[in-house]
Amino acid sequence: MELEAAKAGYTGDGTVDLRGRPVLASKTGKWKACAFLVGYEAFERMAFYGIASNLVNYLTTQLHEDTVSSVRNVNNWSGAVWITPILGAYLADSYLGRFWTFTVSSLIYVMGMMLLTMAVSLKTFKPTCSNGICNKASTSQIAFFYLSLYTIAFGSGGTKPNISTFGADQFDDFNPHEKRIKASFFNWWMFSSFLGALIATLGLVYIQENVGWGLGYGIPTFGLVVSLLIFYIGTPMYRHKVSKNKSPARDIIQIPVAAFRNRKLPLPNDLSELHEYEPQHYIDSGKRQVYHTPTFRFLDKAAIKNANTDASSRPPCTVTQVEGTKLVLGMGMIWFVTLIPSTIWAQINTLFVKQGTTLDRSLGPNHFHIPAASLGSFVTLSMLLSVPMYDRYFVPFMRGRTGNPRGITLLQRLGIGFVIQVIAIAIAYAVEVRRMSVIRVHHVSGPKEVVPMSIFWLLPQYTLLGVADVFNAIGLLEFFYDQSPEDMQSLGTTFFTSGIGIGNFLNSFLVTMVDKITGRNGGKSWIGNNLNDCHLDYYYGFLLVISSLNLVAFLWASSKYIYKKESVYVKEGCIDLIEAKAMTTPLGICN
């Protein structure tokens, strides 16, 4: 079927237009379609980071929350932003499709941004101040502010998992040329995301603190509306994947149940005893056949032929179905060891910002005052510089030595990022130790006293986390999209978003528990309201220990993971087998 479509000039993967008609490969998709999508992504990231990067300061200076509460609330909101995509991805994969799920969710997102702009602009929704003394925010003001924030989080749940996968859908895996250029898609997709974040941390943060919070939130709201209009202009060029399974997530439950039902049957050594359709079935249906792997062997019992003699019983599951469930379990194992790195990432918009507010932020002879949250722009700058270098130099260099189209394997990429991240948190710990030393020497004690130490001491930790993100954030997004079962790629990418969400929740939990445990019985909390009289260095040391232990866990998990292998057309009458590359050594050194 796909071969016939390709001969007629249509896409080989069976993609259609918005009305369900086959699309011409020459007039749709590829980078010309993605150009409309990356514009939205840049403005959406500008909106998100315009809020997230300085939210902890708004909560403490405008709503007058204490340090621990503000950090906890920022982490809880960020966690919700990254967790809700599970629901959005499920709706897209099972019911609405990526385009319509994105459309509905983006409207909710814009509504949330408008409400938030009102919350920080109108006097009715802000605490009143008299003679320099501000009242605490009322219950209704707090409720309206957080309603706005969580409306954004709910809307983000439908946009985040679907816009990137919709972009990847614009490249035909059955076309060798398009499949080759798709290898760079996630690098440049994240580049546009980083560009939006840079504008937020450099421009919007300054506007929020020096001009007004209303304008600082109003600009990205307007930009988001414009970007949506641009997105819909590109509608005639978009390719839409047709779901070949009405309930793709059902197999995740069905396979373990079937395997448990056949638990007393012996595992066959001959793979021919496992049920699988003939290759022609996959050729005719346009589905991809996934081949057997030796992991999670117990699940193979779900595909045993003649397991049920009752004529009314269900037929056995296919090897492809079983392997899809194995892929999800394998990705779950990798997902678990990404939670601590996500916790480290959460420091950028919370404790790193509060740490920066205690330091000397003046710059130049005119003593220009640098907003503490603006230092996050160096994370983004290092990303923007590193992505082209990675894609244009590192990948071709490594490709010539490994033969891997990506240069290095996906898990190798993650491993390098995690190592850099451990180095970054080690530097953060060392800088905080120095800050505490300066505090003791100069007898700084007040919560608003400035430590005579330049804020630029924090630059190395910000920059290294940006470089690490080029490896692990982009690598994770590509890994979970690439390794997901064919009909679950939106849901698969929520492994990426949910990992960040759980990491934020985990950081919120750690901050709360560390504060309670270290501050009980009148003790000095590691994370107190007065960062000049606490032990933030101890907390960073704690993060360094757990991130180092997590790196060891990642090396073990990567040594057990086996990449999926499936059949894909590459030329007429031929099926190309994408071989699994077993991670026989840590970080997949063997190719």
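Q: Which helix makes the largest share of the nonpolar patch?
A: Helix α5, residues 85-96, supplies three residues, the largest share. Keep in mind that this is a predicted model. The patch covers about 530 Å² of surface and is made by Leu18, Tyr90, Tyr95, Leu96 and Trp100.

Q: What makes Leu96 "partly exposed"?
A: Leu96, which is found in helix α5, has a relative accessible area of 44%. Buried would mean under 20% and exposed over 50%, so a value in between gets the label partly exposed. That 44% also clears the patch cut-off of over 30%.

Q: How do you know whether α16 and α18 are parallel, perpendicular or oblique to each other?
A: Start with the geometry: α16 (residues 377-402) and α18 (residues 459-483) pack at an angle of about 45 degrees, with axes 8 Å apart. Roughly parallel needs an angle under 35 degrees, roughly perpendicular needs 65 to 115, and roughly antiparallel needs over 145. An angle of about 45 degrees fits none of those ranges, so the two helices are oblique. As for handedness, α16 passes α18 in a right-handed crossing.

Q: Why are α13 and α18 called roughly antiparallel?
A: Helix α13 (residues 319-336) packs against α18 at about 165 degrees, and their axes are 10 Å apart. The cut-off for roughly antiparallel is over 145 degrees, and α13 and α18 therefore earn that label. Their crossing is right-handed.

Q: What makes Arg45 and Glu44 a salt bridge?
A: The closest N and O atoms of Arg45 and Glu44 are 2.7 Å apart. The rule asks for a side-chain nitrogen of Lys or Arg within 4 Å of a carboxyl oxygen of Asp or Glu, so this pair counts. Both Arg45 and Glu44 are buried. By this rule the count comes to 19 salt bridges.

Q: How do you know that Arg406 pairs with Glu478?
A: Same kind of check: the closest N and O atoms of Arg406 and Glu478 are 2.6 Å apart, and the limit is 4 Å. This pair joins distant parts of the chain, 72 residues apart, with Arg406 in the loop between α16 and α17 (410-442) and Glu478 in helix α18.

Q: Why do Arg406 and Glu478 get their burial labels?
A: Arg406 has 25% relative accessibility and counts as partly exposed. Glu478 comes in at 4% and counts as buried. The line between those two labels sits at 20%.

Q: What makes Arg406 and Asp482 a salt bridge?
A: Here the closest N and O atoms are 3.0 Å apart, again within 4 Å. Asp482 also lies in helix α18, and this pair links distant parts of the chain too, 76 residues apart. With a relative accessible area of 23%, Asp482 is partly exposed.

Q: Which residues are linked in a network of salt bridges?
A: That network is formed by Asp93, Arg98, Asp169 and Lys241.

Q: Why is Ile233 called exposed?
A: Ile233 has a relative accessible area of 59%. Exposed means over 50%, so the label follows. You'll find Ile233 in helix α10, residues 213-233. Its C-alpha atom is separated by 47 Å from the one of Leu359, 126 residues apart along the chain.

Q: How do you know that Ser377 is buried?
A: The relative accessible area of Ser377 is 1%, and buried means under 20%. Ser377 is found in helix α16. Between the C-alpha atoms of Ser377 and Leu116, 261 residues apart along the chain, the separation is 23 Å.

Q: What is there to notice about phi of Lys30 and His64?
A: Most residues other than glycine have a negative phi. Lys30, though, has a positive phi near 60 degrees, and phi of His64 is also positive, near 60 degrees. Lys30 is found in helix α2, residues 30-52. His64 lies in the loop between α3 (55-61) and α4 (67-83).

Q: Why does His64 count as partly exposed?
A: His64 has 26% relative accessibility. Under 20% would make a residue buried and over 50% exposed, so His64 falls in between and counts as partly exposed.

Conventions. Residues numbered from 1 in each chain as written. Predicted model: local features only at pLDDT ≥ 70, side-chain atom pairs only at ≥ 80, totals over all residues. Heavy atoms only, no water. Patch = residues over 30% accessible without salt bridge, like charges linked within 9 Å, V, L, I, M, F, W, Y side chains within 5 Å. Areas by Shrake-Rupley, 256 points an atom, 1.4 Å probe, with all protein chains shown as cover. Helix = DSSP H or I, 4+ residues; strand = E, 2+ residues; numbered from the N terminus. Buried < 20%, exposed > 50% of the residue type's maximum accessible area, 1.4 Å probe, protein only. Axes fitted to C-alpha atoms, helices over the stretch in contact; angles between N-to-C directions. Left-handed = near helix turned anticlockwise from the far one by under 90°.
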